[in-house]
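This report covers the cysteines, the main pocket, the aromatic contacts and one loop of the structure shown below. Please keep the sequence and the coordinates at hand while reading.

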Amino acid sequence: GNCVVAGPLETLSAFQAQLEIDGVACRALRTSHAFHSTMMDPVVAPFRAAVAELTRSAPAIPIISTATGDWLDNNSAMSADYWARHLREPVR
């Protein structure tokens, strides 16, 4: 029942104003970045490279992936590619 949109502040403000005129409840989220949106595209490759340099290990407890909505398998949890994709994929 919830949806998040991202984009330039002026565009979002106009969209929020239209939603309010239409009687749709909405509010601006306070975030540092527009995670999971196209606005993250410029940082995906550098982020992947940074994650690839880290020592990664399998989770000690079961984790649900917010990218797939399913259990996070060990290979994905340790994959720099998974975490780079996660930066851009919608939250499930």
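## Cysteines

Cys26 has a relative accessibility of 28% and therefore counts as partly exposed, as the value falls between the limits of 20% and 50%. In this predicted model, Cys26 takes part in no disulfide, and the nearest cysteine sulfur, that of Cys3, is 11 Å away. Cys3, by contrast, counts as exposed, with a relative accessibility of 70%.

How many disulfides does the structure hold? The number is zero. A disulfide is a covalent bond between the sulfur atoms of two cysteines. The criterion applied here requires the two sulfur atoms to lie within 2.5 Å. The cysteine sulfur closest to that of Cys3 belongs to Cys26, and because the distance is 11 Å, the two are too far apart for a bond.

## Position of Cys3

Along the chain, Cys3 belongs to the segment before helix 1, which spans residues 9-21. A separation in sequence can be set beside one in space for Cys3 and Ala52: they are 49 residues apart along the chain, and their C-alpha atoms are 31 Å apart.

## The largest pocket

Cys3 is also among the residues of the largest pocket that are closest to its centre. Rolling a probe the size of a water molecule over the atoms shows where empty space is left. The largest pocket has a volume of about 1000 Å³. Its lining consists of 30 residues, and the closest to the centre are Cys3, Val4, Val5, Arg27 and Leu29.

What is the make-up of this lining by class? It contains 19 nonpolar residues, ten polar residues and one charged residue. Arg27 is one of the lining residues, and arginine belongs to the charged class.

## Aromatic pair and helix 3

The count of aromatic pairs comes to one. The partners are Tyr82 and Trp83, whose ring centres are 4.7 Å apart, with an angle of 85° between the planes. The arrangement is edge-to-face, since that class begins over 60 degrees. Are the two partners buried or exposed? Tyr82 is buried at a relative accessible area of 5%, whereas Trp83 counts as partly exposed at 29%.

Both aromatic residues are in contact with Ser76, when residues up to four places away in sequence are left out. Ser76 itself is located in helix 3, which covers residues 74-77. With a relative accessibility of 18%, Ser76 counts as buried, because the limit for that class is under 20%.

## The loop between helix 1 and helix 2

His36 is placed in the loop that connects helix 1 to helix 2 (41-53). Its phi is near 70°, a positive value in a residue other than glycine. Most residues other than glycine have a negative phi. His36 is partly exposed, its relative accessible area being 25%.

Ser37 lies in this loop between helix 1 and helix 2 as well. Ser37 is buried, with a relative accessible area of 10%. Which residues does Ser37 touch, not counting those up to four places away in sequence? Its contacts are Ala6, Leu87 and Arg88.

Terms used
Residues are numbered from 1 along each chain as its sequence is written. This is a predicted model: local features need pLDDT of at least 70, side-chain atom pairs count only at pLDDT 80 or more; totals for chains, interfaces and linings use all residues. Side-chain values use heavy atoms; hydrogens and water are left out. On a 1 Å grid over the protein atoms alone, a cavity is a set of points where a 1.4 Å probe fits but cannot get out, and a pocket is an open set with protein on both sides within 12 Å along at least five of seven lines; lining residues have an atom within 4 Å of a point. Grid points are joined across faces, edges and corners, and a volume is the space filled by probe spheres set on the points. Buried means under 20% relative accessible area, exposed over 50%, partly exposed in between (1.4 Å probe, protein chains only). Helices (H or I, at least four residues) and strands (E, at least two) are DSSP runs, numbered from the N terminus. Rings of Phe, Tyr and Trp (its six-membered ring) pair if their centres lie within 6.5 Å; planes under 30 degrees apart count as stacked, over 60 as edge-to-face and the rest as tilted. Contact means heavy atoms within 4.5 Å.
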